[in-house]
Amino acid sequence: MMESRVAWIRSQCSGTILDVGSADGWIFKGSGLDVTCLDINQFASGEFPRVVGDAHNLPFADESFDITCLCEILEHVHNPILVLREAARVAKKKVVFTVPDEGHWTPDHMPRKTLDDWVRETKQTPEQIFKEGNPSNIKLNDLKQSFHNRWYTKETLESQLKYLSLPYQIQTIAYDGWSWFCGEILKEGVTKAPEVGLVTLPETTLDSPMLASGTIKYQAEVQPRSLHIDTFPFCNAKCGFCRYHTLTRTRNKMEMKLLERILDDAASWPEPLKGIVPIHYGELFLDPNWYDTLKLIETKLPQTGIVVPTNGSMMDQVTVEKLATIKTLSIISFSVNAFFRETYQELMGLDPENIPRIKQAINQLKALRPKVKIWVSMVHSALYQTELERSLFTEEWLHYTPVVNVTAAAYCRDYFKPLIKTNVPCQSIFADFVILSDGRVCLCCWDSDGSTIVGDVTREKILDIWHGEAMNNLRELHNSGRRNEVPICSECTFS
């Protein structure tokens with residue numbers, strides 16, 4: 001039975017409505033509402049006007065509809081944050097959304113089944129399975145987005161909603177063994193960012209990205225949002241998805257004199273630097289002088305938050321105690337990547353006993369520095385972890401930290417099967433600045449081998465490079481929908 005959820009959706013809708021991912025329009029059939037249906041696949045004509053289109057790039061002007069509906073769509077699409085932004089762009093009043101809460105479905109409703117599970121159990125092709133569930137379909141244009149690509153918890157849903165900088169509300173509707181997250185993103189009457197239920201992107205990330213004709217455009221700030229500095233390009237993990245293992249550039253530890261030059265440069269800027277990441281592709285705590293590095297940053301940039309990514313393999317009690325004395329430590333992010341010990345050992349090449357040590361380190365750090373943000377992350381790929389492992393990972397680590405990040409491996413590894421259209425600009429080159437260990441400046445954090453060099457801080461000032469011809473030309477290519485003219489950008493899935 002789905003009546004309760006459908007009744008809730010209809011009760012939230014009035015005026016002109018865009019039903020994104022509508023299939024045959026079943027949710028609103030017989031409702032008498034003014035609905036336009038949009039789906040990436042083609043369906044037979046029915047009760048409502050119908051458009052074939054992509055939820056990532058809606059073919060409508062800003063505020064074309066009173067309400068946009070995203071009903072069981074976010075779990076299907078390639079990039080849910082972009083879909084949420086597009087839905088909000090074309091809505092005047094609000095976005096209504098529903099997402100399956102499959103973690104609370106009863107077993108008879110077959111929660112969290114992958115496409116492989118369906119194929120194996122039905123002995124049908126994916127096309128046959130889709131057609132059986134959608135008999136009015138005329139043409140299947142996108143097989144991948146026609147099935148679930150992810151499962152949601154309330155935490156993962158909220159982590160995506162917060163990027164809109166708009167107020168939202170979520171409730172759970174449960175009945176007959178089903179459970180759904182149902183909610184609204186509010187636009188009408190919003191004149192400024194609300195203070196509750198919202199995480200606003202740092203103001204230097206992007207300056208109100210302009211959404212026009214389906215194209216996102218960014219504007220570079222006066223100075224970078226963050227510096228990523230390749231102080232120690234060596235790592236003890238063997239993660240198969242990481243670009244570290246394909247590096248061909250010469251790797252040397254950054255000289256402290258060069259680091260000091262970089263920090264002195266940043267200290268002279270008109271405004272304090274927001275954040276600094278003292279590692280690029282490496283494990284900071286393998287460096288015998290890691291504490292000296294962080295202490296120098298704290299001394300030179302006392303108003304800048306330090307962000308430390310780590311695999312946690314070196315995090316014993318003494319290390320945590322020393323780390324906790326760094327006053328400007330802002331965030332520490334643990335890359336764990338697995339729930340099962342066997343997966344962890346095979347994927348990362350590290351001792352599974354690191355996992356309980358990381359948990360101890362988190363508890364110790366929370367006691368010593370309760371205001372430091374602690375993140376735990378998984379880079380997920382079907383090559384390494386099952387969908388079950390991904391869900392168990394999230395549920396397990398939420399006991400230790402409120403922020404558990406799960407990122408698709410394709411974003412940082414698979415340069416040859418892009419998941420996004422290449423006309424979407426990348427926000428990284430408008431916000432972040434990456435310095436390799438020898439002082440050369442590369443395009444972005446994904447350019448692990450320094451294939452596109454835009455400057456050299458041993459000879460130039462950071463802000464001169466930031467506003468230089470090379471960076472400005474690259475940004476213009478991205479903003480004009482021509483990122484595919486930059487070799488590495490044409491093969492990258494990040495935006």
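Which residues line the largest cavity? Let's start there and then work outward through the rest of this predicted model.

## A space inside

The lining of the largest cavity is made up of Cys 426, Ile 429, Leu 443, Cys 444, His 478, Arg 483, Ile 488, Cys 489 and Cys 492. Sort those residues by character and you get seven nonpolar, one polar and one charged. The largest cavity holds about 60 Å³ of space. If you count cavities of 30 Å³ or more, you end up with one.

How do you find a hole like this in the first place? Rolling a probe the size of a water molecule over the atoms shows where empty space is left.

## Helix 13 and what follows

One residue of that lining, His 478, also turns up among the buried residues of helix 13, which covers residues 469-479. The buried set in helix 13 is Met 471, Leu 474, Arg 475, Leu 477, His 478 and Asn 479. Keep following the chain just past helix 13 and you meet Gly 481, which has a positive phi of about 75°.

## The nine-stranded sheet

Now for the sheets. One of them is an open sheet built from nine strands, and you can read their order as 17-16-15-14-13-12-18-19-20, with mixed pairing. At the edges sit strand 17 (403-408) and strand 20 (453-456), and each of these pairs on one side only. Going from one strand to the next, the twist averages 25°.

Zoom in on strand 12 and strand 18 (residues 432-435): the two run parallel and are joined by four bridges. Look for Ile 229 here, with Ile 435 of strand 18 opposite.

## The seven-stranded sheet

There is also an open sheet of seven strands, in the order 4-2-1-5-6-9-8, and its pairing is mixed. Strand 4 (50-52) and strand 8 (168-175) are at the edges; each has a single partner strand, so one side of each is left without a neighbour in the sheet. The twist in this sheet averages 20° from one strand to the next.

Which way do strand 6 and strand 9 run, parallel or antiparallel? Strand 6 (residues 91-100) and strand 9 (residues 178-186) run antiparallel, with seven bridges joining them. One spot to look at is Pro 100, whose bridge partner in strand 9 is Trp 180.

## Charged pairs

Side chains of opposite charge can pair when their charged atoms come close. Here the count of salt bridges comes to 18. In one of them, Asp 287 meets Lys 253, with 3.0 Å from N to O. These partners come from distant parts of the chain, 34 residues apart: Asp 287 is in the loop between strand 13 (275-277) and helix 7 (290-300), while Lys 253 is in the loop between strand 12 (226-229) and helix 6 (256-267). Asp 287 is buried, at a relative accessible area of 1%, whereas Lys 253 is partly exposed, at 30%.

Another salt bridge puts Arg 341 together with Glu 353, and their closest N and O atoms are 2.9 Å apart. Arg 341 belongs to helix 9 (residues 341-348), and Glu 353, 12 residues away, is in the loop between helix 9 and helix 10 (354-368). Both partners count as partly exposed: Arg 341 has a relative accessible area of 41%, and Glu 353 has 35%.

Then there's Asp 456 with Arg 459, where the closest N and O atoms are 3.1 Å apart. Is each partner buried or exposed? Asp 456 counts as buried because its relative accessibility is 9%, and buried means under 20%. Arg 459 counts as exposed because its relative accessibility is 64%, and exposed means over 50%. Salt bridges can share partners too, and that is how Asp 62, Glu 86 and Arg 89 are joined into one network.

## A buried glutamate

Last stop: Glu 283, in the loop between strand 13 and helix 7. Is Glu 283 buried or exposed? With a relative accessibility of 1%, Glu 283 counts as buried. Glu 283 and Asn 236 are 47 residues apart in sequence, yet in space their C-alpha atoms are 7.1 Å apart.

How values were computed. Residues numbered from 1 in each chain as written. Predicted model: local features only at pLDDT ≥ 70, side-chain atom pairs only at ≥ 80, totals over all residues. Heavy atoms only, no water. 1 Å grid on protein atoms, 1.4 Å probe; cavity = no way out; pocket = protein on both sides within 12 Å on 5 of 7 lines; lining within 4 Å. Points joined across faces, edges and corners; volume = space filled by probe spheres on them. Nonpolar A, V, L, I, M, F, W, Y, C, P; charged D, E, K, R; others polar. Salt bridge = Lys/Arg side-chain N within 4 Å of Asp/Glu carboxyl O. Buried < 20%, exposed > 50% of the residue type's maximum accessible area, 1.4 Å probe, protein only. Pairing = 2+ DSSP bridges. Axes fitted to C-alpha atoms, helices over the stretch in contact; angles between N-to-C directions.
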